[in-house]
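Here are a few notes to read alongside the model. I have kept them short, with the cut-offs given where each term comes up.

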Amino acid sequence: MDAELAGRVQEGDIVILDVGDGTSAVVHLHGATALSWKCSGQEILFLSKKAVLDSSKAIRGGIPLVFPQFGPWSCGPQHGFARNKRWSVESQPQKTGDGTVTCSLALSDDEDTRKAWDYRFKLVYTLELSKSSLTTRLTVDNTGDESFTFTTLMHSYFLTPDIGTTTVHGLKGLTYVDKVQNGQFQEDREAVSIPENYDRVYQKCPSSVFMECSTHSVSVNLSNFPDVVVWNPWSEKAKAMSDFGDEEYKTMVCVEAGSVSSPVQIDVGQKLSFQQTLQVQAKL
Ligand code: TA6
């Protein structure tokens with residue numbers, strides 16, 4: 001973990017996965033939010049310099065977890081409570097046979113969540129770090145006596161040297177809901193550039209999309225995530241966020257693996273898993 005980040009967090013609030021050679025990940029127990037993922041010394045995730053890391057609000061950057069609701073809902077703040085709760089360590093970081101380091105965090109219903117949303121659940125969030133990939137898997141377990149529905153998403157913020165030379169690939173031909181233009185459209189570009197405020201939910205996505213910038217690309221390999229959200233707040237919305245620098249929209253893009261276009265039903269005793277594997281390829 002670099003000194004700048006170390007100076008912003010309390011030791012008891014984070015877990016660190018480290019496979020050596022400058023490849024590591026730092027996860028905050030608030031929201032089980034991955035704050036940093038360094039691949040051979042290169043930071044891949046964007047974390048706002050103004051992100052609040054004292055557990056008083058959702059973290060602006062890294063990989064916040066959205067559950068049980070993507071977007072606004074009547075039960076509380078948008079994007080649900082999972083990113084705003086303290087998770088427990090289910091299993092500490094440990095090396096597996098193939099040199100991967102893995103750890104699991106957990107969150108179960110409590111008085112607060114039941115007051116807002118009266119269902120019983122256990123979430124287990126597993127992170128697996130290898131030399132060139134980070135896999136994040138969320139397993140939802142319905143531990144109650146009635147079925148419920150939810151939507152979920154991994155709200156990944158990726159760092160880029162320049163949004164102006166950043167593109168997202170694998171979306172051509174897909175239908176997307178545009179939350180800025182308020183309509184449904186079809187993507188006709190292989191290389192989707194982001195020249196303004198983008199807030200798009202691409203539906204029925206292929207198993208892999210990728211973002212590309214001037215220094216590297218990051219593949220987002222999806223399992224049980226049919227949707228991908230592409231978001232950049234651009235300048236006006238950046239100014240309106242207290243935990244986001246006015247100019248930071250220039251060095252980030254969100255490519256978010258989600259199951260958000262229609263509610264997912266989970267029956268009593270059922271477990272459902274949702275996974276993304278992020279892989280970095282340096283540009284030669
Ligand atoms: O994922 C895109 C989005 O839903 C945008 O509409 C914007 O609201 C963004 O999430 C950030 O939401 P937040 O509640 O973290 O400020």
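**Notes on the ligand site, cores, sheet and one loop residue**

1. In the side chain of Glu-256, an N or O atom sits 2.7 Å from an oxygen atom of the ligand; a polar contact here is a pair of N or O atoms within 3.5 Å, and within protein one must be able to donate a hydrogen and the other to accept it, while residues adjacent in sequence count only if both atoms are side-chain atoms. The protein covers 84% of the 390 Å² of accessible area that the ligand has on its own (Shrake-Rupley method, 1.4 Å probe; for residues, only the protein chains shown count as cover).

2. Before going on, please keep in mind that this is a predicted model, in which local features need pLDDT of at least 70 and side-chain atom pairs count only at pLDDT 80 or more, whereas totals for chains, interfaces and linings use all residues. Residues are numbered from 1 along each chain as its sequence is written, and side-chain values use heavy atoms, with hydrogens and water left out.

3. Two histidines also reach ligand oxygen: His-155 has a polar side-chain atom 2.9 Å from an oxygen atom of the ligand, and for His-79 the distance from a side-chain N or O atom is 3.0 Å. Other residues around the ligand include Arg-60, Arg-83, Lys-179 and Asp-199 (a heavy atom within 4 Å).

4. Phe-70 and Trp-231 are around the ligand too, and both belong to a second, separate core of 15 residues. The largest nonpolar core has 64 residues, and Trp-37, Phe-67, Trp-87 and Phe-158 have the most contacts inside it. A core here is a set of buried Ala, Val, Leu, Ile, Met, Phe, Trp, Tyr and Cys residues joined through side-chain atoms within 4.5 Å.

5. Where does Thr-166 lie? Its place is the loop between strand S11 (157-159) and strand S12 (167-169); strands are DSSP runs of E, at least two residues, numbered from the N terminus. Thr-166 counts as buried because its relative accessibility is 0% (buried means under 20% relative accessible area, 1.4 Å probe, protein chains only). The side chain of Thr-166 reaches the backbone oxygen of Asp-162 at 2.7 Å.

6. Finally, 4 strands form an open antiparallel sheet in the order S1-S2-S3-S4. Strand S1 (14-20) and strand S4 (42-43) are the edges, each pairing on one side only (pairing needs at least two DSSP bridges). S1 and S2 (residues 23-28) share 6 bridges, and Val-26 in S2 is the bridge partner of Ile-16.

Terms used. Buried < 20%, exposed > 50% of the residue type's maximum accessible area, 1.4 Å probe, protein only.
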